[in-house]
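Reader: I work at the bench and seldom read models, and I would like to learn how to read salt bridges and a nonpolar core. Could you take me through them one at a time?

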Amino acid sequence: MSEHKDHASVKIHPPVLTFIFIFLAYLANWLIPLQFSMQWLRYLGFGIAIIGFLLPFFAIREFMKAKTTVNPHGSVSNIISSGIFRLSRNPIYVGFVLMLIGFPLYSGTYWGLILSPVLVICFNKLVIEHEEVYLEKKFGEQYTNYKSSVRRWL
């Protein structure tokens with residue numbers, strides 16, 4: 001007996017994917033140091049990390065207002081197009097990428113910046129594409145209209 005599952009078939013939980021990449025950035029720096037000593041770049045990294053940390057909170061606030069789940073493995077009840085979701089369909093993932101860039105920069109290494117395009121590709125293939133298929137199936141034209149008016153990333 002086949003049971004219909006009302007959730008996206010996301011391949012890996014997004015925070016887990018992000019932490020893996022942050023770990024890889026520090027591991028790569030340990031193996032092949034790409035360090036710098038420019039203090040202003042460390043401050044920039046700190047600022048980027050803070051923005052990256054705050055974006056998910058703004059997004060989660062919109063999820064709470066819409067009374068729907070933030071869990072990519074959960075059943076979504078609404079399309080969110082307000083607040084930060086007017087600027088990006090995936091502000092949480094934008095925040096995660098900014099954390100990958102910012103924390104290593106703050107630590108004095110370029111590895112997060114170097115690995116960030118790979119994280120974006122992984123998010124697209126392992127998470128976002130599956131979420132979009134699910135949302136199109138569940139919400140149809142409402143989601144395709146939103147998708148055509150708001151960019152995936154920025």
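Author: Let us begin inside one helix of this predicted model. Lys125 and Glu129 both belong to helix α4, where they stand 4 residues apart, about one turn of the helix. The two form a salt bridge, with their closest N and O atoms 3.2 Å apart, and Glu129 is partly exposed, its relative accessible area being 31%.

Reader: Which residue forms a salt bridge with Lys147, and in which helices do the two partners lie?

Author: The general idea is to look at the distance between nitrogen and oxygen, and then to ask where each partner sits in the chain. For Lys147 the partner is Glu136, and the closest N and O atoms are 2.4 Å apart. Because Lys147 lies in helix α5 and Glu136 in helix α4, this pair ties together parts that are 11 residues apart in sequence. Lys147 counts as partly exposed at 27% relative accessibility, and Glu136 also counts as partly exposed, at 31%.

Reader: What does the salt bridge between Lys138 and Asp6 tie together?

Author: The side chains of Lys138 and Asp6 meet at 2.8 Å, N to O. Lys138 is in helix α4 whereas Asp6 is in the segment before α1, so the pair ties together parts that are 132 residues apart in sequence. As for exposure, Lys138 has 35% relative accessibility and counts as partly exposed, while Asp6, at 29%, counts as partly exposed too.

Reader: How many salt bridges are there by this rule, and which residues are linked in a network?

Author: The count comes to 7 salt bridges. A network of salt bridges links Arg61, Glu62 and Lys65.

Reader: How should I read the nonpolar core, and which residues have the most contacts inside the largest one?

Author: In soluble globular proteins, nonpolar side chains tend to be buried together. Here the largest nonpolar core has 42 residues, and those with the most contacts inside it are Tyr93 and Phe123. The elements giving two or more residues to this core are α1 (14–31), α2 (39–66), α3 (91–106), α4 (111–139) and α5 (141–149). Of these, α4 gives the most, with 10 residues.

Reader: Which residues is Phe123 in contact with, leaving aside its neighbours within four places in sequence?

Author: With those neighbours set aside, Phe123 is in contact with Pro14, Leu17, Thr18, Tyr93, Phe96, Val97, Ile128 and Trp153. Tyr93 therefore appears in this list as well as among the residues with the most contacts inside the core, where contact means heavy atoms within 4.5 Å.

Methods: Residues numbered from 1 in each chain as written. Predicted model: local features only at pLDDT ≥ 70, side-chain atom pairs only at ≥ 80, totals over all residues. Heavy atoms only, no water. Core = buried A, V, L, I, M, F, W, Y, C linked by side-chain atoms within 4.5 Å. Buried < 20%, exposed > 50% of the residue type's maximum accessible area, 1.4 Å probe, protein only. Salt bridge = Lys/Arg side-chain N within 4 Å of Asp/Glu carboxyl O.
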